[in-house]
There are 2 protein chains.
Amino acid sequence: MVTLAEVARHAGVSASTVSYVLSGKRTISAPTRERVERSIRELGYHPNAGARALASSRSNIIALMMPLRTDMYLPVMMEIAIAVATTAREHAHDVLLLTGQEGPEAARRVVGSGLADAMILMDVELEDQRLPLVRVTPRPAVLIGLPSDTTGLTCVDLDFAATGRLCVDHLAKLGHRDIAVVGEAAAVYERRTGFAERTVRGVRERADELGMRMLHRPCDGSYESVAGTLARIFDERPETTGIVVQNEAAIEPLLGLLRQQGRAVPEDISVVAVCPEQVAAGTSVALTSVAIPAQEMGRLAVELVMARARASAEGGDPSSVPPRIELLPPALTVRASTGPAPAAR
Amino acid sequence: MVTLAEVARHAGVSASTVSYVLSGKRTISAPTRERVERSIRELGYHPNAGARALASSRSNIIALMMPLRTDMYLPVMMEIAIAVATTAREHAHDVLLLTGQEGPEAARRVVGSGLADAMILMDVELEDQRLPLVRVTPRPAVLIGLPSDTTGLTCVDLDFAATGRLCVDHLAKLGHRDIAVVGEAAAVYERRTGFAERTVRGVRERADELGMRMLHRPCDGSYESVAGTLARIFDERPETTGIVVQNEAAIEPLLGLLRQQGRAVPEDISVVAVCPEQVAAGTSVALTSVAIPAQEMGRLAVELVMARARASAEGGDPSSVPPRIELLPPALTVRASTGPAPAAR
DNA sequence: CCCGGGAGTTGAAGCGCTTCAACGAGGTGT
DNA sequence: ACACCTCGTTGAAGCGCTTCAACTCCCGGG
């Protein structure tokens with residue numbers, strides 16, 4: 001393994017010069033810099049990560065914690081993870097992937113050992129176990145998701161309440177008066193992961209304001225479960241003409257079932273989905289939907305966490321970058337699954 | 001930040017003793033060990049990862065490279081990643097997530113800098129760009145997937161050829177004579193990612209052996225694409241009674257379309273899927289399927305890579321753990337989507 | 001002609017850990 | 001009685017890098 005010292009010798013300069021060429025923290029004359037850079041290339045030098053971390057007490061690693069309990073929709077998680085990794089590289093950082101099992105311990109370990117400079121937490125619960133640590137640690141952290149108490153925390157998420165309202169507005173404008181929400185699996189609500197509840201709350205609020213009637217039913221993604229949920233909805237409220245789905249696994253079964261039951265989409269029933277763009281565009285009936293901006297969330301989380309990391313590395317004043325709740329505004333794209341409410345009943 | 005030296009002072013022993021308590025590489029008397037352990041707990045000590053890596057030249061990090069080109073089915077990737085992370089922790093290692101963008105450079109960087117002790121490569125292409133590096137580097141590496149030349153490499157994968165044969169055997173036993181494969185997106189074949197081709201080859205071989213006729217059509221996951229693919233299949237070969245699907249996104253649309261066309265599953269058409277268990281069980285018709293053992297693959301990859309890492313760390317003889325191709329045998333689970341071929345035509 | 005100051009470069013002191021060689025104490029075998 | 005182990009513990013030498021303080025030049029101003 002080539003070391004900095006060897007590069008220095010090869011280039012005929014001191015070790016510190018090589019270090020400064022690498023970091024750019026001191027001015028180096030052009031000829032020297034070029035000589036050093038040539039030596040680096042010729043010897044195939046790569047700075048040793050451990051030594052670097054030890055000397056600088058910065059690892060250039062971001063920890064990405066995703067507990068990944070069951071019932072979470074993996075593709076969205078994955079998309080966020082990819083965006084995080086990609087964006088982190090743009091800041092010369094790598095991403096350490098931490099999953100469930102260890103729970104809050106993992107965070108403690110990673111932060112305590114200096115393995116990571118910063119953390120991004122996914123799948124945040126309302127009363128998340130990891131929050132006490134996050135509040136105490138000097139390492140910058142960003143949550144993707146919203147806990148119940150956000151004081152002092154930096155969070156990124158889609159504005160799910162606004163999402164719910166937006167869906168209702170769209171349906172209301174089309175003349176629908178009775179709507180239903182086919183939601184995430186019951187386990188998701190029980191776990192009190194905020195996003196599912198927030199959507200439903202948004203829907204309910206706006207429905208109330210507009211004098212509409214609404215029903216909410218959790219539903220896991222299996223065909224049977226969707227069938228049962230639909231049956232109960234139409235049984236209880238046969239006049240339902242609008243459905244909001246927030247559960248990607250349920251979408252295609254839902255469309256299939258409606259078709260089977262002779263309910264045409266959108267002539268008899270309008271469907272609005274909350275899901276990634278890609279999903280909405282590829283279904284049997286192209287879905288009017290509010291996109292879940294997974295990539296944007298991942299990217300933004302990294303930008304925010306890096307801003308704080310940079311502040312505490314340079315100025316040393318972490319409060320120069322104040323905590324901040326970043327709720328992305330939802331956008332509704334109209335496709336083929338929504339239309340005017342059937343006039344006659 | 002608490003250091004080893006402080007722990008030593010607190011426990012009234014030397015630094016090396018603390019280190020040996022931590023690593024267990026020398027015998028330490030019970031009373032001393034306990035004293036040290038108490039100090040560690042009381043002070044809340046966490047060994048510094050950088051210092052450790054520098055001194056021991058082992059980082060306890062495994063790099064997981066997933067290029068994640070488009071068209072890959074994310075949930076399976078994700079499941080593998082989770083299994084890798086979980087299993088790595090059992091070996092006291094963490095996982096560094098490397099995604100596309102940088103390409104083979106990422107591997108060079110991570111290995112060159114000593115950031116990772118070992119690598120697991122996913123989404124392996126037949127002529128993978130990363131192979132030259134993998135063959136040269138002293139760091140242990142395991143591929144998930146099969147390149148065309150596997151000499152000197154350790155690989156883990158489902159035996160997709162056997163999977164293809166297994167599907168055919170099942171259909172043949174039920175009396176089907178004309179079958180079709182609804183495959184992955186055309187891009188997947190063009191990229192020459194082995195697994196998709198291997199399944200089709202397995203199907204074709206066995207079909208030939210048994211004197212069956214078979215058709216293969218790539219297909220992306222969108223509803224339209226599935227519709228087009230199905231139309232072409234039945235247009236070209238109306239006597240088709242068996243379908244093998246290897247494309248999870250296509251499954252639910254496929255079932256929906258067959259239903260719409262009045263083709264009953266399994267009375268008129270039998271469907272065998274190659275997909276994760278979980279997917280097969282939750283569809284509108286429970287699918288006879290060959291499972292993609294994502295978890296097992298991830299776990300096995302880590303076990304193999306750790307075995308090699310351990311060998312080169314201890315004995316120093318890396319050849320004590322020879323390279324090895326581990327093809328997991330497929331298992332077919334019969335569910336409700338396959339039945340006897342319709343006798344009359 | 002001297003002094004002050006910036007630019008470019010360097011030596012050396014760590015960063016916190018692992019590990020080697022060595023040492024004393026207490027057996028065991030002869 | 002001796003040599004010779006083994007066991008438990010230790011001091012010290014790095015691992016490869018960053019960064020501080022200092023030093024040398026060289027330039028411009030007084």
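## Around DNA strand D

In this predicted model, α4(A) makes the biggest contribution to the surface near DNA strand D, giving five residues. Helices α2 and α4 of chain A, together with α2 and α4 of chain B, each give two or more residues to that surface. If you would like places to start looking, 26 residues lie around the strand, and L4(A), Y45(A), T17(B), T27(B) and T32(B) come nearest. Sugar and phosphate make up 61% of the atoms of DNA strand D that come within 4 Å of the protein.

Several phosphate contacts are worth a look on screen. On chain A, a polar side-chain atom of S19(A) sits 2.8 Å from a phosphate oxygen of DNA strand D, and a side-chain N or O atom of R52(A) is 3.0 Å from a phosphate oxygen of this strand. From chain B, S14(B) uses a backbone N or O atom, which lies 3.0 Å from a phosphate oxygen of DNA strand D. By class, the surface near this strand has twelve nonpolar, eleven polar and three charged residues.

## Around DNA strand C

Now turn to the other strand. DNA strand C is surrounded by 26 residues, with T17(A), T32(A), L4(B), S19(B) and Y45(B) the closest. Here α4(B) provides the largest share of the nearby surface, five residues. At least two residues each come from α2 (15-23) and α4 (49-56) of chain A and from α2 (15-23) and α4 (49-56) of chain B. The residues of this surface divide into twelve nonpolar, eleven polar and three charged.

What share of the strand C atoms within 4 Å of the protein belongs to sugar or phosphate? It is 60%, and the rest belong to bases. Two threonines of chain A reach phosphate oxygens of DNA strand C through their side chains: T32(A) at 2.4 Å and T27(A) at 2.9 Å. For N48(B), a backbone N or O atom lies 3.2 Å from a phosphate oxygen of the strand.

## Where the two chains meet

The size of an interface is often given as the accessible area lost when the parts come together. Between chain A and chain B, about 3800 Å² is buried, and carbon and sulfur atoms give 68% of this area. In chain A, H46(A), M78(A) and L97(A) lose the most area to chain B, together 16% of what that side buries. The contact draws 44 residues from chain A and 44 from chain B.

Polar and charged groups also take part. There are four salt bridges between the chains, including one that joins R89(B) to E102(A), with the closest N and O atoms 3.2 Å apart. Polar contacts link eight residue pairs, counting those with both residues at pLDDT 80 or more. On the chain A side, α4, β1 (61-66), α5 (74-90), β2 (94-99), α6 (104-112) and α12 (248-260) each give two or more residues. Among these, α5(A) supplies the largest share, with nine residues. The chain A residues that touch chain B divide into 23 nonpolar, 14 polar and seven charged.

## A strand pair across the interface

One more feature to find links the two chains through their strands. β2(A) pairs with strand β2 (residues 94-99) of chain B in the antiparallel sense, over three bridges. Which residue of β2(B) is the bridge partner of L96(A)? The partner is L96(B).

How values were computed: Residues numbered from 1 in each chain as written. Chains lettered and ligands numbered in written order. Predicted model: local features only at pLDDT ≥ 70, side-chain atom pairs only at ≥ 80, totals over all residues. Heavy atoms only, no water. Near = heavy atom within 4 Å. Polar contact = N/O pair within 3.5 Å; in protein donor to acceptor, adjacent residues only side chain to side chain. Helix = DSSP H or I, 4+ residues; strand = E, 2+ residues; numbered from the N terminus. Nonpolar A, V, L, I, M, F, W, Y, C, P; charged D, E, K, R; others polar. Contact = heavy atoms within 4.5 Å. Buried area = accessible area lost by both parts, 1.4 Å probe. Salt bridge = Lys/Arg side-chain N within 4 Å of Asp/Glu carboxyl O. Pairing = 2+ DSSP bridges.
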